[in-house]
Amino acid sequence: MTRRYDIEKTPEGSWDIIDVFTGQPVVEVGVPLIDMSIDEADDLVNLLNCRDRQQRSAS
């Protein structure tokens, strides 16, 4: 199954979580998941991809 979310380094050196299908930054509960440390972004992208796999397999 394709990973829905990935991390992308910004020119400033921080990290954003992007939706690989749209290429846009992910927004969760009205908060854009941008300008994070690599550790934060890595942890969150793993959680988002896990949730997405569960939702797609339940459909």
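Me: What is the accessible surface of the protein chain, and how much of it belongs to carbon and sulfur atoms?
Reply: This is a predicted model. The accessible surface comes to about 4,100 Å². Carbon and sulfur atoms hold 52% of that surface.

Me: What makes the protein chain as compact as a globular protein of its length?
Reply: Start with the make-up. The chain has one helix and four strands. Along the sequence they follow the pattern β-β-β-β-α. Now set two values side by side. The radius of gyration is 11 Å, and the globule rule gives 10 Å for 59 residues. The two are close, so the chain is as compact as a globular protein of that length.

Me: What does the C-alpha trace span along its principal axes?
Reply: The span is about 40 × 20 × 20 Å.

Me: Why is D19 called buried or exposed?
Reply: Buried means under 20% relative accessible area. D19 has 9% relative accessibility, so D19 counts as buried. Its place is in strand β2.

Me: Which residues does D19 touch, not counting those up to four places away in sequence?
Reply: D19 touches R4, Y5, Q24 and V26.

Me: Why is strand β2 said to be largely enclosed by the rest of the structure?
Reply: Count its residues. Strand β2 covers residues 15-19, and five of the five are buried, so the strand is largely enclosed by the rest of the structure.

Me: How do you know that both faces of β2 are covered?
Reply: Take each side in turn. On one side, W15, I17 and D19 are buried. On the other side, D16 and I18 are buried too.

Me: What makes β1 and β2 a pair?
Reply: Two strands pair if there are at least two bridges between them. Strand β1, residues 5-9, and β2 have five bridges. The pairing is in the antiparallel sense. As one example, K9 has W15 in β2 as its bridge partner.

Me: How many residues lie between the strands in the hairpin of β1 and β2, and which phi does G13 take?
Reply: Five residues lie between the strands. In this hairpin, G13 takes a positive phi near 100 degrees.

Me: How much of the protein chain is buried?
Reply: Buried residues make up 29% of the 59 residues.

Me: What share of the contacts between residues at least 6 apart in sequence joins residues at least 24 apart?
Reply: The share is 33%.

Me: How far apart are the mean positions of the positive and negative charges?
Reply: There are 6 positive and 12 negative charges. Their mean positions are 9 Å apart.

Note on methods:
Residues are numbered from 1 along each chain as its sequence is written. This is a predicted model: local features need pLDDT of at least 70, side-chain atom pairs count only at pLDDT 80 or more; totals for chains, interfaces and linings use all residues. Side-chain values use heavy atoms; hydrogens and water are left out. Buried means under 20% relative accessible area, exposed over 50%, partly exposed in between (1.4 Å probe, protein chains only). Helices (H or I, at least four residues) and strands (E, at least two) are DSSP runs, numbered from the N terminus. The radius of gyration is taken over C-alpha atoms; the globule rule is 2.2 Å times the number of residues to the power 0.38. Contact means heavy atoms within 4.5 Å. Accessible areas come from the Shrake-Rupley method with a 1.4 Å probe; for residues, only the protein chains shown count as cover. Lys and Arg count as positive and Asp and Glu as negative; His and the chain ends are not counted. The place of a charge is taken as NZ of Lys, CZ of Arg, CG of Asp or CD of Glu.
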